[in-house]
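Trainee: Could we go through this model together, one question at a time?

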Amino acid sequence: MTKEECKKLVIDIISDIAPDEDLSDIKPEIRLREQLQLDSMDFLDIVMELRKRHGIEVPEADYMRLASLESCAEYLLPKFNAARA
Amino acid sequence: MPLSRIVITGVGLTAPNGNTLAEFRRNLLNGVSGITTMEVRYMGRHPAGLCTFDPLKYQKKKDVRIGTRAGSISIYCAREALADAGVDLAARDRSRIGVYLGITEHGNVETENEVYNISQFKYDVKFWTHHHNPRTVANSPAGEVSLNLGTTGPAYTIGAACAAGNLGLIHATQMLRLGEVDFAIAGGVSESPQTFGIFAGFKSQNALAAHADPTKASRPFDKARNGIVISEGGAIYTLERFEDAQARGAKIYGEIAGYCVNSDATDYVLPNPERQAECVRKAIAHAGMTVEDIDLVNTHATSTPQGDIQECQAIAAVFRERSEPPAINNTKSFIGHAMGAAGALELAGNLPSFDDRVVHPTINVDELDPQCDIPGLVINQPRAVKRVDAILNNSFGMLGINSTLIIKRFRA
């Protein structure tokens with residue numbers, strides 16, 4: 001899996017968690033909460049969807065790693081690859 | 001001190017056969033059922049009453065995702081009622097607005113969904129959503145309304161089985177009279193078709209309706225009736241003290257005349273016609289009326305073999321001294337049993353009778369059960385009547401809760 005593919009999977013989840021948001025122009029380096037109406041409960045939903053859809057666990061101590069799309073990809077890519085191995 | 005006069009100034013509703021009062025009423029007069037069928041989890045297809053309103057008219061997609069069906073129904077009805085009442089919340093003290101919603105039950109749908117969800121993950125509870133608790137707390141539908149409207153006064157539900165729709169209105173009347181609030185948003189709601197447990201429970205009780213034609217499945221008073229059609233829906237009213245409504249030139253649908261809530265104290269499920277009759281009589285007395293003053297009786301009858309007979313016995317006992325009986329009808333024959341919404345929705349369907357003096361019928365009576373053949377029943381066709389000045393609305397529920405609400409024609 002590439003980083004871009006990883007980002008797309010994250011965006012797929014965000015589109016369900018925040019269905020009113022326009023996700024067509026997310027800046028990867030900027031924190032998601034600065035671009036979108038997302039609160040801490042939404043991040044819990046994102047974590048749940050990663051678990052349900054992809055079997056990926058994100059411990060609470062790592063939640064900050066999901067801050068931006070770029071940091072999501074960096075953090076999650078090895079997990080996606082491990083899950084698919 | 002005389003009690004404040006409480007008036008109805010707005011109506012918002014969604015029923016299986018209408019998403020506005022006008023559409024609902026038109027279908028009640030034209031004999032149009034709203035019952036269809038739905039796939040019930042684990043149980044196959046069953047008759048049910050489902051609503052077709054658009055939740056996104058008043059909610060964001062995210063709020064629909066996070067909230068409950070009961071919340072969406074409540075928000076739709078509350079917003080429609082406010083629009084109908086011509087009330088601008090921005091110009092009001094939102095801390096003086098109360099939201100009081102009757103519910104038969106709440107939380108079954110959301111809990112069943114989560115149990116089903118974790119069943120797909122070998123019952124590992126780490127897949128159980130954190131939304132479960134806010135979705136299932138008993139005040140949830142009313143809380144969703146307060147979130148949506150930004151009202152900061154009391155907002156809670158009244159759990160009263162299938163008597164709950166009336167209780168929302170009764171409780172609002174009491175709170176307005178006590179001066180606890182200045183404006184009330186009140187009624188009843190139901191999301192019950194989304195829970196298989198209610199279907200399964202009634203089926204095990206031999207009280208779930210079955211019919212090849214779903215529009216014929218709910219048939220109170222008919223000899224071939226065989227049980228309840230479970231429905232969703234909501235009816236929410238705006239209620240105000242008369243002087244407040246008058247001061248703003250509000251349209252007034254009717255005035256709360258009187259009510260009674262009592263308990264059978266006899267059985268978990270089986271109704272008690274003596275206590276039902278007592279509830280009706282006490283409501284009439286509370287209204288300062290006699291049986292002669294009641295023009296229209298909307299029955300609770302749910303299309304169960306025994307329950308319909310018992311309510312007919314109760315009504316016949318109350319009104320037997322009258323030479324000409326009041327008109328008696330039933331709305332569940334069109335919409336099924338909308339549970340917590342039933343009393344409030346059924347009242348709404350009859351309120352226009354104050355204006356048009358027409359009583360909508362109870363439909364699907366192909367062969368009237370002789371044990372339900374009481375004077376005054378309006379069967380299959382609407383009936384024009386000389387006078388509709390007082391409507392008596394019955395709603396009864398499990399654990400023996402009975403409610404009767406009387407609305408009278410408004411006269412300044």
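Mentor: Gladly! One term before we start: two strands pair if DSSP finds at least two bridges between them. This is a predicted model, in which local features need pLDDT of at least 70 and side-chain atom pairs count only at pLDDT 80 or more, while totals for chains, interfaces and linings use all residues. Residues are numbered from 1 along each chain as its sequence is written, and chains are lettered from A and ligands numbered from 1 in the order in which they are written.

Trainee: How many bridges join β4(B) to β6(B)?

Mentor: β4(B) covers residues 97–103 of chain B, and β6(B) covers residues 183–190. One link between them pairs B:Ile103 with B:Val189 in β6(B). The two strands run parallel, and the number of bridges that join them is seven.

Trainee: And which residue in β5(B) is the bridge partner of B:Leu101?

Mentor: β4(B) is joined to β5(B) as well, in parallel and by five bridges. In one of the pairs, B:Val99 is matched with B:Ala155 of β5(B). For B:Leu101, the partner in β5(B) is B:Thr157.

Trainee: Which strands stand at the edges of the open sheet of 10 strands?

Mentor: Let's read along the order, which is β5-β4-β6-β8-β1-β9-β15-β14-β10-β11 in chain B, with mixed pairing. Each edge strand has a single partner, so one side of it is left without a neighbour in the sheet. In chain B, the strands in that position are β5 (155–159) and β11 (327–329).

Trainee: How many of the residues of β4(B) are buried?

Mentor: A residue is buried if 20 or more other C-beta atoms, placed from the backbone, lie within 10 Å of its own (exposed: 12 or fewer; partly exposed: in between). On one face of β4(B), the buried residues are B:Ile97, B:Val99, B:Leu101 and B:Ile103, and on the other they are B:Gly98, B:Tyr100 and B:Gly102. The strand is therefore largely enclosed by the rest of the structure, with a buried count of seven of the seven.

Trainee: What share of the residues in chain B is buried?

Mentor: The strand we just looked at is part of a chain with 14 helices and 15 strands. Its C-alpha atoms fill a box of roughly 65 × 50 × 40 Å along the principal axes. Of the 412 residues in chain B, the buried share is 55%.

Trainee: Are α7(B) and α13(B) roughly parallel or roughly perpendicular to each other?

Mentor: Helix α7 (residues 164–178) and helix α13 (residues 342–350) of chain B have axes that come within 4 Å and cross at roughly 80°. Angles from 65 to 115 degrees count as roughly perpendicular, while those under 35 count as roughly parallel, those over 145 as roughly antiparallel and the rest as oblique. The two helices are therefore roughly perpendicular.

Trainee: Which residues in α13(B) does α7(B) meet?

Mentor: Residues are in contact if their C-beta atoms, placed from the backbone, lie within 7 Å. From α7(B), the participants are B:Ala164, B:Gly165, B:Asn166, B:Gly168 and B:Leu169. On the α13(B) side, they meet B:Ala342, B:Gly343, B:Ala344 and B:Leu345.

Trainee: One more: in β7(B), which residue is the bridge partner of B:Ala48?

Mentor: Here we turn to an open sheet with the order β2-β3-β7 in chain B and mixed pairing. Its edge strands are β2 (35–40) and β7 (230–231). Strand β3 (residues 44–49) pairs with β7(B) in the parallel sense over two bridges, and the partner of B:Ala48 is B:Ile230.

Methods
Axes fitted to C-alpha atoms, helices over the stretch in contact; angles between N-to-C directions. Contact = placed C-beta atoms within 7 Å.
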